Amino acid sequence: MPSVAHRKSGGKLIDITTEQVKIGDTLLVLPHEICPVDGTVLEGSSTMDESYLTGEPYMMSKTSGSTVMSGAINGDSALTIHADKLSVDSRYAKIMEVMRSSEQYRPNIRRLGDQLGALYTPLTIVCALTAWSMSGDVIRFLAVLVIATPCPLLIGIPVTIISSISLAARREIIIKNPAILETIGTCRTAIFDKTGTLTYGRPTLTGLIPGKNHKKKDVLTLIASLERYSKHPLSSAIIKAAEKAGLSLLSVTNIAELPGKGLTGTVMGKQVKITSRKTLLKKTQRP
């Protein structure tokens, strides 16, 4: 959870806790930092990863006037935001409320444990008193209580449930009702929202087939040089492939990207046109 906010006050930057943030405060969100509260961008331009909040695996562009959500991870540039909500009313706080409320549900095994404990405890005390009265030794009374105590039964069940919820949360799985943990072993069919769950939702360049008299390195350099000026969601995959190959991007002029007509531009005197990106890209599967 976000815990620290940087508040601008009189030209100074003051670190405060998220609970101290008030509506109307001007906050600075540093690069790669978690946004502390819901707000509106005042200055700066960056991208934010909101996949943990919305389930959508895209980097969302943020400029002046854009809304931001607490819990989102900022990109490479700092943003100045206006706090629109208190931390307790933010998106991330609402998700945590679901997590905490899930711990209050009582699965059948927990209710059974409580019922057994209600019967087992008085019976244990009666047996302990009987042993004391028959032997006249108080040690016998204490020995029976220690050996027959129902504490492991009563404590073990809720500890197991809460541990399961916490372990799932660390793996980005929110369990709304822990009672499902009792029945999931009998599940035979599971339905998933594939993108962001079974896949990362981030495309990667998997192959490049150049024409005759062309080298892969040269083709990738030309394409990546042009793609860095495009907002197409698949452009980032080509740019990352060029960076991974250690290629230096070239200057581009006469850039144009018309709907349905692709991306065109002049790279080092050569006319380059990109009409389709889908054939060379695929989604990377989660390990």
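1. Strands count as paired here if DSSP finds at least two bridges between them. With that in hand, take strand S5 (residues 46-49) in this predicted model: Ser 46 of the chain has Lys 62 in S6 as its bridge partner. Asp 49 stands opposite Met 59, also in S6. In total, four bridges join S5 to S6, and the two run antiparallel.

2. S5 has another partner too. It pairs with S8 in the antiparallel sense over two bridges, and Met 48 stands opposite Asn 74 of S8. Put together, this gives an open sheet of three strands, ordered S6-S5-S8, with antiparallel pairing. The edges belong to S6 (59-62) and S8 (73-74); each has a single partner strand, so one side of each has no neighbour in the sheet.

3. Stepping back to the whole chain: there are 287 residues, of which 31% count as buried. The secondary structure comes to eight helices and 14 strands. If you take the contacts with a separation of 6 or more, 60% of them are between residues 24 or more positions apart.

4. How far should you trust it? The mean pLDDT of the protein chain is 79, with 84% of residues at 70 or more. Among the elements, strand S9 (residues 79-83) has the highest mean, at 92, and strand S14 (residues 281-285) the lowest, at 45. I'd flag the stretch around S14 in particular: pLDDT stays under 50 over residues 279-287. The model still has 29 contacts for that stretch beyond four places in sequence, so please read those contacts alongside the pLDDT, which is the predictor's confidence in each residue, from 0 to 100.

5. Now to the beginning of the chain. Strand S1 (residues 4-9) and strand S2 (residues 12-17) pair in the antiparallel sense over six bridges, with Val 4 matched to Thr 17 in S2. The two strands form a hairpin with two residues between them. Gly 10, in the turn, has a positive phi of about 60°.

6. S1 also pairs with strand S3 (residues 26-29): two bridges join them, and the strands run antiparallel. Here His 6 of S1 stands opposite Leu 28 of S3. As a reminder for anyone tracing these pairings on screen, strands of a sheet pair through backbone hydrogen bonds, either parallel or antiparallel.

7. Another open sheet of three strands has the order S11-S12-S13, again with antiparallel pairing. Strand S11 (252-258) and strand S13 (270-274) are at the edges with a single partner strand each, so one side of each is left without a neighbour in the sheet. The twist averages 10° from one strand to the next. S11 pairs with strand S12 (residues 262-267) in the antiparallel sense over five bridges, and the bridge partner of Thr 253 in S12 is Thr 266.

8. How many aromatic pairs are there? The count comes to one. The rings of Trp 132 and Phe 141 have centres 5.4 Å apart and planes at 45°, so the pair is tilted; under 30 degrees would count as stacked and over 60 as edge-to-face. As for burial, Phe 141 counts as buried at 16% relative accessibility. Trp 132, at 37%, counts as partly exposed.

9. Thr 221 deserves a look. The residue is found in helix H7 (residues 216-227) and is buried, with a relative accessible area of 11%; the cut-off for buried is under 20%. A polar atom of the Thr 221 side chain lies 2.8 Å from the backbone oxygen of Lys 217. Beyond its neighbours within four places in sequence, Thr 221 is in contact with Leu 247, Ser 248, Leu 249 and Leu 250.

10. Which residues of helix H8 (residues 235-244) are buried? They are Ser 235, Ala 237, Ile 238, Ile 239 and Ala 242. For reading that list, an α-helix has 3.6 residues a turn, so residues three or four places apart point the same way. Just after H8 comes Gly 246, which takes a positive phi of about 75°.

Terms used:
Residues numbered from 1 in each chain as written. Predicted model: local features only at pLDDT ≥ 70, side-chain atom pairs only at ≥ 80, totals over all residues. Heavy atoms only, no water. Contact = heavy atoms within 4.5 Å. Phe/Tyr/Trp six-rings, centres within 6.5 Å; stacked < 30°, edge-to-face > 60°. Buried < 20%, exposed > 50% of the residue type's maximum accessible area, 1.4 Å probe, protein only. Polar contact = N/O pair within 3.5 Å; in protein donor to acceptor, adjacent residues only side chain to side chain. Axes fitted to C-alpha atoms, helices over the stretch in contact; angles between N-to-C directions.
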